[in-house]
Amino acid sequence: MNSDGIRAAAVVGAGLMGADIAAVLALAGIDVTLIDIDDDQLTLAQARMRTSMATLSENGLVAAEEAAHALERVEGTLDRAAALNSADFVVETVFEDLQLKQEIFAAMDAEAPPEAILTSNTSSLSITALAAATKRPERVVGSHFILPGTVLPLVEVVRGELTSDDTMQETYDLWQRAGKQPVMVQKDIPGFIHNRLQHALSREAISLWASGVASAEEIDAVVVNGFGLRLARVGPLAQRDLGGMVMNVAIAASLYPDLSTLTDAPQAMKDLVDQGAVGLEAGRGFQDWGDADPRETRREVERRLLADLLHRQRT
Ligand SMILES: NC(=O)c1ccc[n+]([C@@H]2O[C@H](COP(=O)([O-])OP(=O)(O)OC[C@H]3O[C@@H](n4cnc5c(N)ncnc54)[C@H](O)[C@@H]3O)[C@@H](O)[C@H]2O)c1
């Protein structure tokens with residue numbers, strides 16, 4: 001089947017990502033059934049989808065009429081078996097728990113048509129391990145979205161050991177058709193690409209903070225006011241090309257031996273946890289958040305992301 005043949009999708013797990021992915025599929029003209037075991041989650045998901053559609057249409061990313069039609073294409077249900085029965089494409093977005101996800105994959109395999117693609121939005125679990133719970137490992141693939149899924153363009157399409165080329169391509173094509181910027185990840189490695197890169201940078205930042213090189217605010221300012229600005233336009237490898245390979249080889253020899261190779265959180269970070277400084281909700285983590293409203297703070301980050309994305313599209 002090519003991705004144009006995908007007309008009906010099911011999303012199992014109506015949490016944050018389930019609602020976002022259902023909205024993305026519906027905007028691509030696909031009928032979506034959103035499935036959960038908790039009716040309240042289905043109600044919350046409807047509200048999240050309405051808010052996402054409003055944000056997209058208010059910012060001119062989607063026509064208001066298109067957003068309204070998309071919402072009509074999503075139906076919520078607690079009856080998984082009936083919903084999977086006619087799905088061409090099934091996305092799993094339940095809690096990040098291997099045993100639970102394997103049970104869901106076994107059920108999806110039994111309940112969805114034999115040719116349907118089964119995909120997981122897992123951020124950290126092995127696609128190969130999920131595929132092993134099914135009799136169709138060649139039709140199992142990862143589709144790793146980044147929150148907020150309706151706004152950030154990236155989807156990592158992750159190959160399990162037995163995923164077929166057709167499954168990779170159809171999944172890639174589908175997300176592209178849905179307006180995303182998919183990337184094929186050819187090896188089933190922990191953290192895929194996005195989270196590995198993200199945490200490689202965090203590890204170095206945490207190590208600099210723990211060794212007292214600068215405050216958390218100053219370390220963040222180096223990224224936000226320095227190479228972070230460039231990263232949104234030029235990836236780290238293209239940037240190396242701009243610098244020139246000879247210089248890169250020299251930097252690797254002199255700097256890499258000094259970079260963090262931490263394999264666990266440093267003691268100073270564990271001390272923060274012991275002191276209750278567990279991040280934004282607690283008002284303190286690496287930084288002091290005072291009495292900032294966590295929801296409003298996260299919304300503000302989303303607003304800035306959207307503004308940057310809009311600016312990028314316009315230019
Ligand atoms: N939140 C993120 O930033 C993010 C980003 C990328 C990937 N992910 C991944 O997406 C997945 C979902 O994350 P989330 O943040 O949306 O979680 P969430 O907690 O918001 O939602 C999970 C949903 O799964 C439902 N659920 C649990 N068991 C179920 C079952 N047996 N059948 C049907 N529904 C069931 C829950 O009721 C809940 O609605 C995880 O694998 C997570 O790692 C999350």
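## The second largest pocket

In this predicted model, the residues that line the second largest pocket fall into three groups, with eleven of them nonpolar, four polar and three charged. The pocket itself has a volume of about 400 Å³, and its lining is made up of 18 residues. Nearest to the centre of this pocket lie Thr 150, Ala 178, Gly 179, Lys 180 and Gln 313.

Two elements, helix 1 (16–27) and helix 14 (294–314), each give two or more residues to the lining of this pocket. Helix 14 gives the most, with three residues. Seen by domain, the lining of the second largest pocket draws at least three residues from domain 1 (3–185) and at least three from domain 3 (275–315).

## The surroundings of the ligand

Around the ligand there are 22 residues, and those that come nearest are Asp 36, Gln 41, Glu 96, Lys 101 and Ser 123. When the residues of this shell are sorted by character, eleven are nonpolar, eight are polar and three are charged.

Which polar atom of Lys 101 lies 2.7 Å from an oxygen atom of the ligand, one in the backbone or one in the side chain? For Lys 101 it is a polar side-chain atom that lies at this distance, whereas for Val 94 a backbone N or O atom lies 3.4 Å from an oxygen atom of the ligand. Gly 15 also takes part through its backbone, where a polar atom is 3.5 Å from an oxygen atom of the ligand. Taken alone, the ligand exposes 840 Å², and the protein buries 81% of that area.

The elements that give two or more residues to the shell around the ligand are helix 1, helix 5 (98–111) and strand 6 (140–145). Of the residues in this shell, the largest share comes from helix 5, which gives three. Helix 1 is thus named twice in this report, since it gives two or more residues to the lining of the second largest pocket and two or more to the shell around the ligand.

## Two points in the backbone

Most residues other than glycine have a negative phi, and most peptide bonds are trans. Against this background, two places in the chain deserve a look.

One is the peptide bond that joins Leu 147 and Pro 148, which is cis, with an omega of about -10°. Pro 148 is placed in the loop between strand 6 and strand 7 (154–159).

The other is Phe 192, which has a positive phi of about 50° although it is not a glycine. This residue, Phe 192, is found in the loop between strand 8 (181–185) and helix 8 (194–210).

Note on methods: Residues are numbered from 1 along each chain as its sequence is written. This is a predicted model: local features need pLDDT of at least 70, side-chain atom pairs count only at pLDDT 80 or more; totals for chains, interfaces and linings use all residues. Side-chain values use heavy atoms; hydrogens and water are left out. On a 1 Å grid over the protein atoms alone, a cavity is a set of points where a 1.4 Å probe fits but cannot get out, and a pocket is an open set with protein on both sides within 12 Å along at least five of seven lines; lining residues have an atom within 4 Å of a point. Grid points are joined across faces, edges and corners, and a volume is the space filled by probe spheres set on the points. Helices (H or I, at least four residues) and strands (E, at least two) are DSSP runs, numbered from the N terminus. Ala, Val, Leu, Ile, Met, Phe, Trp, Tyr, Cys and Pro count as nonpolar, Asp, Glu, Lys and Arg as charged, and the others, Gly among them, as polar. Domain bounds come from an automatic or database domain assignment. A residue is near a molecule or strand if one of its heavy atoms lies within 4 Å of it. A polar contact is a pair of N or O atoms within 3.5 Å; within protein, one must be able to donate a hydrogen and the other to accept it, and residues adjacent in sequence count only if both atoms are side-chain atoms. Accessible areas come from the Shrake-Rupley method with a 1.4 Å probe; for residues, only the protein chains shown count as cover.
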